[in-house]
Amino acid sequence: MSRRMNNILVIGATGQIGSELTPALREKYGQDSVIATYYTTKSGGDLGEGPLEELDIMDKKATARIIDQYDIDSVFNLAAILSAKGEENPAEAFRVNVIGFFQLLQLGLKFDLNRIIIPSSIGVFGPEVPSENAPNETVLRPTSMYGVTKVTGELLGNYYYNKFGLDVRGLRLPGIVSSKTLPGGGTTDYAVEVFYEAIRKGHYTSFVREDTTLPLMYMPDCIKSLIDLAEADLEALDHHCDFNVSSMSFTAGDLARKIEEIIPEFTYDFQPDERQEIADSWPNSMDDTPAREEWGWEPSYDLDAMAKDMIEKLKVKLGENAS
Ligand code: NAD
Ligand code: AKB
């Protein structure tokens, strides 16, 4: 049986995913049971009422103090340097994504935590993997530093589960599309930027080619996947830190044309930059059979539903600039 999640720490709570996961957890578990932490910037949207602390995941003593002070038993670790920023500063990506996580695993043992949840990414895959329906079990030879750190994170998490019984869980998220907080420097950022620019300026120049196909997912499904995996019965899990989770796949051109259907005056073009190489090293789609079988994963949104909802929400958010 899984041990209960009572007092939950969210590290990196003001990022793209944390800014929506934190309020969802607070709604479900109670506002004072979810302790949000931010790093350098407090902004990132409304996290809901509840404790908020500043935390650098590299500061092991400070992390231990917060775990102790709030009697934390479960941690969602969202602190990370994403793929594009990781290529600009590989040492920082290694520090935060690998050393920061490793220290957290050590604290997990020290404080006998019930659960640590950490997202992995499609970034774990490299060019040798089958592009369509990349299997859950396959060769993992990523060509980006981000991918190297994410594979390492999966291996470390699985090692701590197998060796010490620490309940660490993680899933390979596709690129996440959302309207609340802008993404923090990844390769799939084009799939968010295109919506903002369509509404703000009526034009978007994509930094990936028109035929670039990647696995993507709308934020409500992302939040559902993280909470469902965290709450799954431990005995039902054969995998722990490396579940593929799929939702939808489409080209950058398909996405632009879908937005054009809703905003007919929208125009777009494509000028690939260095992020194209990372996008080309990732598969078009993933097979997520283990997630479906072991904890009942099922996404709700397709491209039509996501595009409609994104545009409605961003028109409200961006106010008078929206057409
Ligand atoms: P993000 O860049 O929006 O947020 C990451 C957060 O980490 C930021 O709030 C940043 O302040 C924080 N951070 C950076 N250095 C830190 C440090 N030293 N100490 C504490 N916090 C620090 O990223 P996100 O999109 O919210 O990603 C969250 C997790 O999900 C990451 O593990 C990422 O790899 C994974 N993921 C994201 C996506 C996506 O498309 N958003 C896709 C796949 C996987
Ligand atoms: C990135 O592009 O780096 C992230 C991811 C897919 O992990 N959005």
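**Exercise 1. Which pocket does the space taken by ligand 1 form, and what is that pocket like?**

Before starting, note that this is a predicted model, in which local features need pLDDT of at least 70 and side-chain atom pairs count only at pLDDT 80 or more, while totals for chains, interfaces and linings use all residues. Residues are numbered from 1 along each chain as its sequence is written, chains are lettered from A and ligands numbered from 1 in the order in which they are written, and side-chain values use heavy atoms, with hydrogens and water left out.

*Solution.* Step one: the space taken by ligand 1 is the largest pocket. A pocket here is an open set of points, on a 1 Å grid over the protein atoms alone, where a 1.4 Å probe fits, with protein on both sides within 12 Å along at least five of seven lines, and its lining residues have an atom within 4 Å of a point; a molecule sits in it if more than half of its atoms lie within 2 Å of its grid points.

Step two: the largest pocket holds about 970 Å³ of space, a volume being the space filled by probe spheres set on the points, which are joined across faces, edges and corners. Its lining has 47 residues, with Leu78, Ala80, Ile81, Leu82 and Gly184 nearest its centre.

Step three: α4 contributes the most to this lining, with three residues, where helices (H or I, at least four residues) and strands (E, at least two) are DSSP runs numbered from the N terminus.

**Exercise 2. Describe the surroundings of ligand 1 and its polar contacts.**

*Solution.* Step one: 25 residues surround ligand 1, the closest being Gln16, Ile57, Tyr146, Lys150 and Ile176, where near means that a heavy atom lies within 4 Å.

Step two: look for polar contacts, which are pairs of N or O atoms within 3.5 Å. A nitrogen atom of ligand 1 lies 2.9 Å from a polar side-chain atom of Asp56, a backbone N or O atom of Ile57 lies 2.8 Å from a nitrogen atom of the ligand, and an N or O atom in the side chain of Lys150 is 2.8 Å from an oxygen atom of ligand 1.

Step three: taken alone, ligand 1 exposes 830 Å², of which the protein buries 93%, the areas coming from the Shrake-Rupley method with a 1.4 Å probe.

**Exercise 3. Where does ligand 2 sit, and which polar contacts does it have?**

*Solution.* Step one: the space taken by ligand 2 is the largest pocket, and the residues around this ligand include Leu82, Gly175 and Trp282.

Step two: oxygen atoms of ligand 2 are paired with a polar side-chain atom of Ser121 at 2.6 Å, with a polar side-chain atom of Tyr146 at 2.7 Å, and with a backbone N or O atom of Thr187 at 2.6 Å.

Step three: ligand 2 exposes 250 Å² when taken alone, and the protein buries 93% of that.

Terms used
A polar contact is a pair of N or O atoms within 3.5 Å; within protein, one must be able to donate a hydrogen and the other to accept it, and residues adjacent in sequence count only if both atoms are side-chain atoms.
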